[in-house]
Protein chains: 2
Amino acid sequence: MSGMCPRTPTSASPQGSLRERKKVQTRQAIRKAAYRLFAEQGYDATPVDRIAAEADVSPSTVFRYFPTKEDIVLTDEYDDEMAQVLRDRPLDEPPLVSVRQIMHQVLGRMLADPEMRADMVRREELVRDVPAIRARAHEAFSATGRLLGGIIADRTGRAADDLEVRVFTAAVFGALHETTMYWVEKDRSEDLVALLDRALGLLRRGLDLPKE
Amino acid sequence: MSGMCPRTPTSASPQGSLRERKKVQTRQAIRKAAYRLFAEQGYDATPVDRIAAEADVSPSTVFRYFPTKEDIVLTDEYDDEMAQVLRDRPLDEPPLVSVRQIMHQVLGRMLADPEMRADMVRREELVRDVPAIRARAHEAFSATGRLLGGIIADRTGRAADDLEVRVFTAAVFGALHETTMYWVEKDRSEDLVALLDRALGLLRRGLDLPKE
DNA sequence: TGTCAAATAAGAGTGACTCCCAAAAAAGAG
DNA sequence: CTCTTTTTTGGGAGTCACTCTTATTTGACA
C-alpha cells in the first residue's frame with residue numbers, strides 16, 4: 001500500500017508507450033500467475049521460480065517488479081484515491097467522519113465491481129492464512145495511515161508527526177484492519193461496510209464497551 | 001509476545017531442574033550475544049551463525065530456541081503480568097481505564113529497573129530501525145491484544161471473538177504501539193507514560209482531533 | 001536504419017530456515 | 001553407582017527468498 005503504482009487498476013486501457021503498456025502487462029501476468037498457483041497449491045508451497053515460469057518471465061524479472069514475494073499479493077492501488085477523497089471532504093468535518101466517508105466511497109466502488117471484489121477476497125484470505133503476508137499487510141496499512149495522517153495534519157493545522165495525529169491513524173487503521181479480518185474469518189457472511197460502521201462507531205463513542 | 005515464557009525475567013534464580021536452568025541460561029546467552037552483535041555491526045550484517053558462535057552453541061540450537069531471527073529480539077515476558085493486572089481490576093471499571101492502569105503498573109515497574117529499561121530501549125530501537133522486526137512486533141502486539149481481549153470479553157460478558165472487543169484491542173494496541181514508536185523516534189526525550197496517557201486520552205474523547 | 005537507453009535473462013552467491021540423524025547429557029529406576 | 005530412557009544438542013545436506021553482476025535483447029528516437 002505504499003510507493004509506486006500505476007494509474008489504472010484493471011483492464012488494459014491503451015495509454016502510454018509500448019514499454020509502459022508491456023510493464024503493466026507483465027505486472028499483471030505475474031500477479032495472475034501467482035494468485036492461480038497460490039489457490040492451487042498454497043502460498044508456501046509455491047516457489048517464486050514457479051511463478052516466474054507460469055508467467056513466462058525470468059525469476060529476476062519477478063523480483064524487479066515485486067521487492068518481495070509477499071508484495072505480489074499486496075496492493076497500493078487505492079491509496080491515491082483515498083487521499084483524494086479525504087482532500088475533497090469539507091474542512092470542518094471531524095476526521096473520523098471523513099474516514100467513514102472514505103471507506104464508504106472507496107470500498108463501495110470496490111465491492112460493487114465483481115472482479116475487484118473477487119481480487120480483494122482472495123487477497124484478504126491470504127492475509128488471514130499466511131503469517132508473512134499478514135505482517136506485511138500491517139506495514140502496508142500503516143503506510144496508508146501515514147499518508148492520510150499527513151493530510152489530516154494539514155487539515156487540522158498540526159505538525160506532520162504530531163502525536164495525536166499518529167495515534168488517530170494508528171487506532172483507526174488498526175480497527176479497520178481488525179474488522180476486515182473479522183469479516184473474512186466469518187467467511188464474509190456479514191456486510192463489510194456495516195461492520196466498519198460499527199467499528200468506527202465504537203471509536204467515536206470513546207471505546208466505551210458496555211456489558212452485554 | 002505470545003506463548004511460552006519463563007517465570008523470572010532477569011537474574012538466574014535457582015528454580016526447577018538442572019535442565020530447566022540450563023535452558024534459561026542458553027536462552028539468555030543467545031539473546032545477550034545477539035544484542036551485542038546487533039549493536040556492534042547491525043542486525044542485517046549479523047548472520048545467525050555468528051550469533052551462535054558468540055553464544056557458544058550450534059546454529060541449530062539457536063533455531064530451536066527462537067523460531068526466527070527476529071524472535072531473538074522480541075519478548076513475551078510481560079504478557080502474563082499484564083493479564084494478571086487486568087484480572088485484578090474492579091469489574092465495573094471501563095476497559096479503557098483498566099488498560100491505562102495496566103500500562104502504569106507494568107511499564108512503571110519496567111522503566112524503574114535500569115536493566116529492564118535499557119533492554120526495552122534497545123529492543124524498541126531495533127523495532128524502529130529494522131522493518132522485519134517491526135512487522136513481527138506488530139504481530140506480537142496483536143497477540144497480546146488477543147490475550148487481553150479474551151479477558152475483557154469475559155469481564156464484559158461478551159463472546160471471545162466479539163467484533164467490538166476485537167476492535168477495542170486493535171485500536172488500543174495500535175495506539176500504544178504508535179506512541180512507543182513516537183517515543184523512540186524522539187530519542188526518548190519525553191516521558192513515555194505521559195505520552196501513553198495522552199494517547200489513551202484521545203481514544204477516550206472519541207478520537208476527536210481539534211484544530212490547532 | 002543506426003544509436004541509445006531501458007528491460008530482461010542467466011548465473012553465482014548469501015543467508016534464513018528445515019529435516020534428519022547421531023552423539024552427548026540429564027532424569028529416573030534399580 | 002550403573003544402566004536405561006528421554007531430552008537436548010551438533011552437524012550436514014537441502015530448499016528457497018533475495019542480491020548482484022553481466023551479457024543480451026528490445027523498445028525509443030533521431
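Helix names in these legends refer to DSSP runs of at least four residues (H or I), numbered from the N terminus. Every view is drawn from a predicted model.

**View 1. The two domains of chain A.** Let us start with the overall layout of chain A, whose domain assignment gives domain 1 (18-67) and domain 2 (79-204). Taken over C-alpha atoms, the centres of domain 1 of chain A and domain 2 of chain A are separated by 27 Å.

**View 2. Annotated regions of chain A.** Two record entries can be traced on the chain here. The UniProt annotation "domain: HTH tetR-type", from an unreviewed entry, spans residues 24-84 of chain A. In the model, this span is 64% helix and 0% strand, and its end C-alpha atoms lie 23 Å apart. UniProt, again through an unreviewed entry, also places the feature "DNA-binding region" at residues 47-66 of chain A. That stretch, residues 47-66 of chain A, is 75% helix and 0% strand, with 14 Å between its end C-alpha atoms.

**View 3. The surroundings of DNA strand C.** Here you can look at the 18 residues that surround DNA strand C. The closest are Ser58(A) and Thr61(A) from chain A, joined by Ser17(B), Thr68(B) and Lys69(B) from chain B. On chain A, α1 (18-41) and α3 (59-65) each give two or more residues to this surface, and on chain B the elements that do so are α1 (18-41), α2 (48-55) and α3 (59-65). The element that gives the most to the surface near DNA strand C is α3(A), with three residues. Sorted by class, this surface has six nonpolar, seven polar and five charged residues.

**View 4. The surroundings of DNA strand D.** Now turn to the other strand in these views, DNA strand D, which has 19 residues around it. Ser17(A), Thr68(A) and Lys69(A) come nearest, together with Ser58(B) and Thr61(B). Two or more residues apiece are given to this surface by α1, α2 (48-55) and α3 of chain A, and by α1 and α3 of chain B. The surface near DNA strand D has six nonpolar, seven polar and six charged residues.

**View 5. Helix α1 of chain A.** This close-up follows α1(A), a helix of 24 residues. From its first C-alpha to its last, α1(A) reaches 34 Å, close to the 34 Å expected at 1.5 Å a residue. Which residues of α1(A) are buried? They are Ile30(A), Ala33(A), Ala34(A) and Phe38(A). Their cover includes α2, α3 and α6 (114-129) of chain A. Just after the helix, look for Gly42(A), which takes a positive phi of about 90 degrees.

**View 6. Gln28(B) in helix α1 of chain B.** Over on chain B, helix α1 holds Gln28(B). Is Gln28(B) buried or partly exposed? Gln28(B) has 16 other C-beta atoms within 10 Å, so it falls between the 12 or fewer of an exposed residue and the 20 or more of a buried one, and it counts as partly exposed. C-alpha to C-alpha, Gln28(B) and Val62(B) are 11 Å apart in space, with their positions 34 residues apart in sequence.

**View 7. Val127(B) and its contacts.** Helix α7 (residues 114-129) of chain B is where Val127(B) is found. Val127(B) is buried, because 24 other C-beta atoms lie within 10 Å. Leaving aside residues up to four places away in sequence, Val127(B) touches Ile133(B), Arg134(B) and Ala137(B). Arg198(B) lies 22 Å from Val127(B), C-alpha to C-alpha, and 71 residues away in sequence.

**View 8. The contact between chains A and B.** Each partner can be inspected here: 40 residues from chain A and 40 residues from chain B take part in the contact. On the chain A side, α5 (95-112), α7 (131-156), α8 (163-185) and α9 (192-204) each supply at least two residues. The most comes from α8(A), with 16 residues. By class, the side of chain A that touches chain B has 20 nonpolar, seven polar and 13 charged residues.

**View 9. Leu207 in both chains.** In this last view, Leu207(A) is found in the segment after α9 of chain A, and Leu207(B) in the segment after α10 (192-204) of chain B. Leu207(A) has a positive phi of about 60 degrees although it is not a glycine. For Leu207(B), also not a glycine, phi is positive at about 60 degrees. Leu207(A) is buried, with 25 other C-beta atoms within 10 Å. Leu207(B) counts as buried because it has 25 C-beta neighbours inside 10 Å.

Technical notes: Residues are numbered from 1 along each chain as its sequence is written. Chains are lettered from A and ligands numbered from 1 in the order in which they are written. This is a predicted model: local features need pLDDT of at least 70, side-chain atom pairs count only at pLDDT 80 or more; totals for chains, interfaces and linings use all residues. Domain bounds come from an automatic or database domain assignment. A residue is near a molecule or strand if its C-beta atom, placed from the backbone, lies within 6 Å of it. Ala, Val, Leu, Ile, Met, Phe, Trp, Tyr, Cys and Pro count as nonpolar, Asp, Glu, Lys and Arg as charged, and the others, Gly among them, as polar. UniProt positions are given in the numbering used here, feature names are shortened, and annotations may be inferred rather than shown by experiment. The expected span of a helix is 1.5 Å times one less than its number of residues. Two residues are in contact if their C-beta atoms, placed from the backbone, lie within 7 Å.
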